[in-house]
Amino acid sequence: MTLLSSARTAWRKEGTATVASGPRRVDKRTPFERDYDRIVFSLPFRRLAKKTQVHPMAQNDHIHNRLTHSIEVASVARSFARRVTDLIVQTGELTPDQLIPIDWIVQSACLIHDIGNPPFGHAGEEVIRTWAAKHRDYLFPASIHAEQHAAAQAEIASSLADWEHFEGNAQGFRIASRADNPQAGYLRLTYATLGSVVKYPWGSTDAQTTIKRKHNFHSLEKQVFHDVFQTLGLVRSDGVYCRHPLSFLTEAADDICYRILDLEDAVAMQIFDKQRVHHLMLDISGNPNNAHMGISQLRGEVIERMVDQFWKVFEDDYHRIMRGERVEDLKSSLPTEFKDYLDKVGEMYEEIFGHRKKIVTELGAYHVLGRILKTLLKTVEEISKASQYGELHFLAKNCAELAWGKEYVEANLAKEHRWWLGQAMDFVSGMTDNYATRLSRELDGLAFEL
């Protein structure tokens, strides 16, 4: 089945065919099990433990971070995977053995759904966008791009769109798909897993990005994204990309987890009164006999009921989804009662995001990330102008070695400026909250006049 393709981005070195490093040991894992294992053992996944989910730099150890959130989303998604497997078996399209990969694919997609998010949660995304829009001269300094021909201008425009519309989903696709990303441990996940995590199948320069402020690939990954979706059979005759059917379920699992568990965190952070959240969860559970339950027990009842409701939407619209005709998420078709519940949660989010402690931390995030971006992009400018490593200013050398290491910089010194901008984006988005804060302090006061 094309949608379950185990293909991966080709592993190539500059100017060579696919690298073969001698005989390989027998690996009895399926490609999709290898996806899961690669993610779990990767540095980007591990770093999620120190990245904000909603509450930056929370002192309460019980508050969710991106890692615990991703694991919980994968757990909920596994329930969806079992249901969709049963549904497809009933249609007679595939056998149970052919559908075993779905469990692994959906769980892997959920584990990486936040892997491209920068430090400080969604505030970090906003900081990168805002900073880039105000500092275009750092991204494309006159010393690098003096030429004015159309091709160069088109490349500059697409790269600016990547930065000014920076999106964690697109950065996640970059990390998980590219074959030349050592900082991600060369994840190179299967096309089925990559497709299953894509919610917004368009790029940073697409008109939809401006409207929805969401997209799933940067300009540098345009060809990779096309290859993935072409192989999966998700490109329409008019060139429009369709969503992978399993992506609706990974998205639903995320929707359920963050809406319910973020409220639980807000109680622990003393933003909401415990009774207020308990009352709402009791309503969503649909069973007044659950009133004796604590919030943790009640949460399980709520998640189970929400899974049932989201699944019914998927099941009822299964054929449209499989034909690639559905665009909107599953929650848009929930019964009015459950839409109202989600609206109430949305109203409570306004209070969460407006909480003084959160605002103060996020204001600091602009200064933290801005200082790092300024230094890193000055370093990229120096690298792009140098013909050999020895020509770099000693401050640029120090920063380059801090971010990528001397050997990596030397090996890639001849790469184009846009490629190095991608490396800068990888470094900044890959930082944890703690590391970004510490690095910014270390850079404070550094006279980086090159």
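The following questions and answers concern a predicted model.

User: Is Tyr138 buried or exposed?

Analyst: Tyr138 sits in helix α6, residues 136-139. Its relative accessible area is 16%. Buried means under 20%, so Tyr138 counts as buried.

User: Which residues does Tyr138 touch, not counting those up to four places away in sequence?

Analyst: Contact here requires heavy atoms within 4.5 Å. With residues up to four places away in sequence left out, the partners of Tyr138 are Trp131, Lys374, Leu377 and Lys378.

User: How many Å apart in space are Tyr138 and Val409, C-alpha to C-alpha?

Analyst: In sequence, Tyr138 and Val409 are separated by 271 residues. In space, their C-alpha to C-alpha distance is 19 Å.

User: Why are the buried residues of α18 on the same side of the helix?

Analyst: Helix α18 spans residues 394-403, and Leu395, Ala396, Cys399, Ala400 and Ala403 are buried in it. They lie on the same side of α18 because the arc they cover around the axis is only 130 degrees.

User: Which helix gives the largest share of the largest nonpolar core?

Analyst: The largest nonpolar core has 89 residues, and Phe80, Ile102, Phe272, Phe314 and Leu330 have the most contacts inside it. Twelve of the core residues, the largest share, come from residues 245-268, which form helix α12.

User: How many residues has the other core, the one with Phe166 and Tyr389?

Analyst: This core lies apart from the largest nonpolar core. Among its residues are Phe166, Tyr389, Ala400 and Ala436, and its size is 42 residues.

Methods. Residues numbered from 1 in each chain as written. Predicted model: local features only at pLDDT ≥ 70, side-chain atom pairs only at ≥ 80, totals over all residues. Heavy atoms only, no water. Helix = DSSP H or I, 4+ residues; strand = E, 2+ residues; numbered from the N terminus. Buried < 20%, exposed > 50% of the residue type's maximum accessible area, 1.4 Å probe, protein only. Arc of directions from axis to C-beta. Core = buried A, V, L, I, M, F, W, Y, C linked by side-chain atoms within 4.5 Å.
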